[in-house]
Structure formats: C-alpha cells, structure tokens
Amino acid sequence: MERQTMTPPGQLATDETLPVVTAEPAALALRAVHRAMAELRRGTPVLLRGADACLLVVAAETAGARGLADLASAALGAPVLLLAPARAAAVLHRPVPHAVDDEGAVALRLPPALLAPEALRSLADPTAERLLPEAPERVAVPALAQAAIALAKLGRLLPALVAAPATEAGADRRGLLTVQAADVLAYPTTAATTLTRVAEARVPLEDAPEARIVAFRAADGGIEHLAILVGDPERTAAEGGAPLVRAHSECFTGDLLGSLRCDCGPQLRGAIARMAQDPAGGVLLYLAQEGRGIGLVNKLRAYTLQDGGLDTLDANRALGYGADERNFLVAATMLRAVGVERVRLLTNNPDKIAGLSACGIAVQGREAHAFDPNGVNDGYLKTKARRFGHLLPE
C-alpha cells in the first residue's frame, strides 16, 4: 500500500500520522508487470502465477550463471526453452505447426550442453554466433507459456525464455518476483487506458511555429508517449471538424539520425509541415513503439538480418516477433485526451485506419503521405506495399 504524508514541515511522521492510501488495482498490476520486465532484462528469473500453475522464467538473451542457478534451485522439474513459433522454425530448420493449446509458443528440451549463457543466446538471437552442439528436441509446452512470451516482448527482449515449473513458496525463498500471468496478458490494454497528461509546453518548431507538446504517461510510470499539437486542432474538434492526425512510431535512426534505410524522418517532418499549412491544424502522436513495437535493439538486429537478405517482415519473424506489434489503443486514448475523436488520418497504412476505427476514433478520410525512394530504402518501400499492404504509388 502507498502512504501519503500529511505531517507539518519540521515534524517527524509516525505511523499514526500517515493515512493509508490504497493504489488502484490497475496501477498495482501495471507496476508488478513493469518490475517483472526489469527483472528479465537484468537476467533474473520471474515467477508467473496462473490459476492452476506457476512457471519460473528467465530471458535466454540475458540469463547468466547466477540467473540460471536461481532458476535451477527453485525449479520443480527440468527446464525447457520457450520460443515464439517463428523463431523455433528458424532454430529447428523446419516448419513448426502448433495447436491452440500450445499458447503461441514452442518448447524445446534443454540438455546440459545447452544450459549455458552462450548457447542460450545463440538459440534466442539469429544474429549471434552459432554455438549449438546439437539440435534441440521439441517437447510439450508448459502452462503459462503465452504469458512468458508476452512478458519478454513487453521488455523488448527476444521472445525466448528458459522455463520450469515452480512454486510461489520456492520463488519467495530466493527473493524472486512473482507476477500474475493474467496481468501480463492484460498489460498492453491496461497501460493504454491509464495514460494521463503529465506535462505540456509550447515548443515552436522549424516548420510549425505554433506547436505544443503534450506528454502522456501510464500508471506504471513507464516510458512517455508524446502528442505534438500543431495550430489549434482542439478548437477544430470542438467545432465538429476533423484535424489532420498522424500516428507516428518513434524511429531513433530515421527521425534523429537521418537514416536512409526507412522513410520515417521525411514522414515525421513532412507531417508537421502539412499540419502547419492546414487551417484545421493537426495532431502528431509520437508513440514509443520503435520498430513497429519491437524496440530499438531488436530493430538493429533486424537490420543485420536484412543485410543478410531478409526483408523487413521476415527479419522481424526470424527474431520471434510478429510483422507489427504496435498497440493502436495508445493513440486512441491520447486523441480522446486532447478532445479529438474525428480525424483525417495522414497515413499509407490501412491497418492504422482499421486500428483507430476499432478503438472508436472516427476516421473521416485518409490523406496520402508518401515520399520518393532514396536509392537505399527502395526495397523497404516495396516490402511495405507488397507485404504490409501500404497504399504507395507504383
């Protein structure tokens, strides 16, 4: 429980002077999942608790000797390696059809030779040096595997985990964190719906002198999303109009460094310039969903795979991620917070139209937002059109 002090300045607080303030259940659940992500990123095991089972997991890419020892000492059975199906197919060099009860994961037996940090990383990361002494054998998928894969993805880790059955008491004795599997699966929705405005300021931009930035943060205190308001889109919305809106996922390499591998930088700056010229104004949602939701580190890994011949979609799948892991409820929540529920969407991506519409935002029109290839991103743009269905000129 959280406490809020009411003690006068200069006077020490006691338990009697501290009224108890109970945090909202949704906030507590988000914080627990956020802590679990951090533990996985540090290479520390986490216990997933379900209605009828518990599963102890540690991320394959961060597991060290200490983490593996903690898992082994608390486990009730032999550990297995959990992989997203697409990654498992690459490891096994064959398709891996899975049943519904596999919960979107594949489990591989882990003989002693593979229970080492270097071997686990080579199983998890297709860009790592191959160190496998033998081909892993597929085994039954344990309960809560779906939540385990989801937790790794939430932490922007490769969806590959060492997992073993365990008890909550066993995890507690070793000081390991326990988190509800249901809270992990609900996290994307809960985080999106608890977004609140935490700061805003007028920030004149080179192409849009009349601009404001509004920062949003979820109840877990995680990374912020930003809304860039150009002109007066709130007034347009209040009068029944539809301002221009772009849902733009952050792209460190393209937006900040001017990378030629994508078209993100031109799309970002072009959208702001167009909104400044539009009488209705606009809202650019700058979303913390790098690499279509896989994170910057994994995007760099995907670039390495693309240099080896894969396209954008297949590179993401080889890492164990889906083609697009983004959550459009984040964008819808931010738009409602600034009073905009009717939009003209600046996009080439039909999935954004469908995603925002499904979240209750009225998309009254689509504005094309394409830029010419630059000689480096030609293949990237062709993949967008051919495999992602983006509406780009021939």
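**Exercise 1. Determine in which sense β4 and β8 pair, and place the two strands in their sheet.**

Step 1. β4 and β8 are antiparallel partners, joined over five bridges; two strands pair if DSSP finds at least two bridges between them. Strands (E, at least two residues) and helices (H or I, at least four) are DSSP runs, numbered from the N terminus. The model is predicted, so local features need pLDDT of at least 70 and side-chain atom pairs count only at pLDDT 80 or more, while totals for chains, interfaces and linings use all residues. Residues are numbered from 1 along each chain as its sequence is written, and side-chain values use heavy atoms, with hydrogens and water left out.

Step 2. Opposite Ala-59 stands Leu-161 in β8.

Step 3. The order β7-β6-β5-β8-β4-β3-β9 describes an open sheet of seven strands with mixed pairing. β7 (138-139) and β9 (177-180) each have a single partner strand, so one side of each is left without a neighbour in the sheet.

Step 4. α1 lies across β3, β4, β8 and β9, and runs at about 130° to β9. Such angles run from 0 to 180 degrees between N-to-C directions, with axes fitted to C-alpha atoms, for helices over the stretch in contact.

**Exercise 2. Decide how many residues of helix α5 (residues 145-154) are buried, and state what they pack against.**

Step 1. Eight of the 10 residues of α5 are buried, where buried means under 20% relative accessible area, exposed over 50% and partly exposed in between (1.4 Å probe, protein chains only). Among them are Ile-149, Leu-151, Lys-153 and Leu-154.

Step 2. The buried residues pack against α1 (25-42), β3 (46-49), β4 (54-59), β5 (80-83), β8 (160-165) and α7.

Step 3. Arg-156, which follows α5, has a positive phi, near 60°.

**Exercise 3. Describe how α7 is oriented to α5 and to α14.**

Step 1. The axes of α5 and α7 cross at roughly 45° and come within 9 Å. The two helices are therefore oblique; angles under 35 degrees count as roughly parallel, over 145 as roughly antiparallel, 65 to 115 as roughly perpendicular and the rest as oblique.

Step 2. Gln-146, Ala-147, Ala-150, Leu-151 and Leu-154 of α5 meet Ala-181, Val-184, Leu-185, Tyr-187 and Pro-188 of α7; contact means heavy atoms within 4.5 Å. By class, the contact of α5 with α7 has nine nonpolar residues, one polar and no charged.

Step 3. Helix α7 (residues 181-193) packs against helix α14 (residues 328-337) at about 15°, with axes 8 Å apart. α7 and α14 are therefore roughly parallel. Thr-189, Ala-192 and Thr-193 of α7 make the contact with Leu-329, Val-330 and Thr-333 of α14.

**Exercise 4. Locate Ala-199 and describe the sheet that holds its strand.**

Step 1. Ala-199 belongs to strand β10 (residues 196-202). Its relative accessibility is 44%, so Ala-199 counts as partly exposed.

Step 2. Beyond neighbours within four places in sequence, Ala-199 contacts Ile-213, Val-214 and Ala-215.

Step 3. β10 belongs to an open sheet of seven strands, ordered β10-β11-β12-β14-β13-β15-β16, with mixed pairing. β10 and β16 (362-367) are the edge strands, each pairing on one side only.

Step 4. Strands β13 (residues 244-249) and β14 (residues 282-287) run parallel and are joined by six bridges. Leu-244 has Gly-282 in β14 as its bridge partner.

Step 5. Helix α15 (residues 350-358) lies across β13, β15 and β16, at about 165° to β16.

Conventions
Ala, Val, Leu, Ile, Met, Phe, Trp, Tyr, Cys and Pro count as nonpolar, Asp, Glu, Lys and Arg as charged, and the others, Gly among them, as polar.
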